[in-house]
Amino acid sequence: MEVSISGDREAPNGRAALGSTLYVSRPLSKDGPSGGSRIINGMEATPGEFPHQVTLLNNGYHSCGGSVIANDWVLTAAHCVDGQALSSLAVVVDLHDFSNPGSSYIWFDIAQIIMHNSYNKGPGGFPNDMALLRLSRSTQPDITKNIIELAPGGTSFAGERCTISGWGTTETGTGASILMKTDVNVLTKAQCTVYWGSNILDQHVCIWGQDTALGSGSCNGDSGGPLVCRGFLAGVTSWGRSGCHDNGFVTSPSVYASVSYFRSWVNSNCGGCL
């Protein structure tokens, strides 16, 4: 499967946003199949394991992930939609395998994009990397069953085991069509600043899968996707090491925007949807 990544935004000290468009050889359309790729050193998810997980398509191609947080709303990363035309984007719910999508996935056009008005302004690494997508309902079915609850305000998951999922780039650079997952450890802010210094803010959550010597984490195409802790949406994939790994070894934490930190922003901008 041919995969090329375009539009990566490099940042100082080896940082890069993870959500640049991931082009695969077969685009997903309202009527047909597509392709994708995966988390670094992850494993295949079970169909239906992450009902909240969506793919954000850009001109029919997977570009980022996202999470259903209300019947009309998806939460993703601001850098996934920054500068993008509304008409070029779509959200697909209930998709597991791009190469064999079946007929049960649900396609939504997007009616509105709400980016955090302070996205990428001020200190730290890609600050305020949050965006809401209001789905165009028309005659589409109810997706209440796909909703994931947001982490309560003020909640810390440091020291806990959590799970990430997505169709982001593999450690080999090749594509995998099936949704991937991996368990990760949530680091303390002090632990994360060892690697990322002053780039880490209170609004960030750092994760690192360390079950094996290779480690695991997120990569291009995973951006906007979920970090789930205790059944709550705890983070939105934001940024990490440029290149994501070193010869298959994940050598630094991936960084997520903290849902707990931004919960009040989300609720006020989705019209009290939580």
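**Close-up views of strand S6**

Buried residues make up 57% of the 274 residues in this protein. The model is predicted.

**View 1. The whole protein sets the scene for the close-ups.** The protein has three helices and 17 strands. Its accessible surface comes to about 10,500 Å². Carbon and sulfur atoms hold 47% of that surface. Now take the contacts with a separation of 6 or more. Of these, 73% come from residues 24 or more positions apart.

**View 2. Strand S6 is mostly covered.** S6 spans residues 53–58. How many of its six residues are buried? The count is six of six. Look at the two faces in turn. Gln 53, Thr 55 and Leu 57 lie on one side. Val 54, Leu 56 and Asn 58 lie on the other. Both faces are covered, and these residues are all buried.

**View 3. S6 and S7 form a hairpin.** Strand S7 covers residues 61–70. In which sense does S7 pair with S6? The pairing is antiparallel, over six bridges. Find Val 54 in S6, then look across to S7: Gly 66 stands opposite. Two residues sit between the strands of this hairpin. Asn 59 is in the turn, with a positive phi of about 55 degrees.

**View 4. S6 also pairs with strand S9.** S9 runs over residues 89–93. S6 and S9 pair in the antiparallel sense, over five bridges. Which residue of S9 stands opposite Asn 58? That residue is Leu 89. Asn 58 is also one of the buried residues of S6.

Definitions and conventions: Residues are numbered from 1 along each chain as its sequence is written. This is a predicted model: local features need pLDDT of at least 70, side-chain atom pairs count only at pLDDT 80 or more; totals for chains, interfaces and linings use all residues. Side-chain values use heavy atoms; hydrogens and water are left out. Buried means under 20% relative accessible area, exposed over 50%, partly exposed in between (1.4 Å probe, protein chains only). Helices (H or I, at least four residues) and strands (E, at least two) are DSSP runs, numbered from the N terminus. Two strands pair if DSSP finds at least two bridges between them. Contact means heavy atoms within 4.5 Å. Accessible areas come from the Shrake-Rupley method with a 1.4 Å probe; for residues, only the protein chains shown count as cover.
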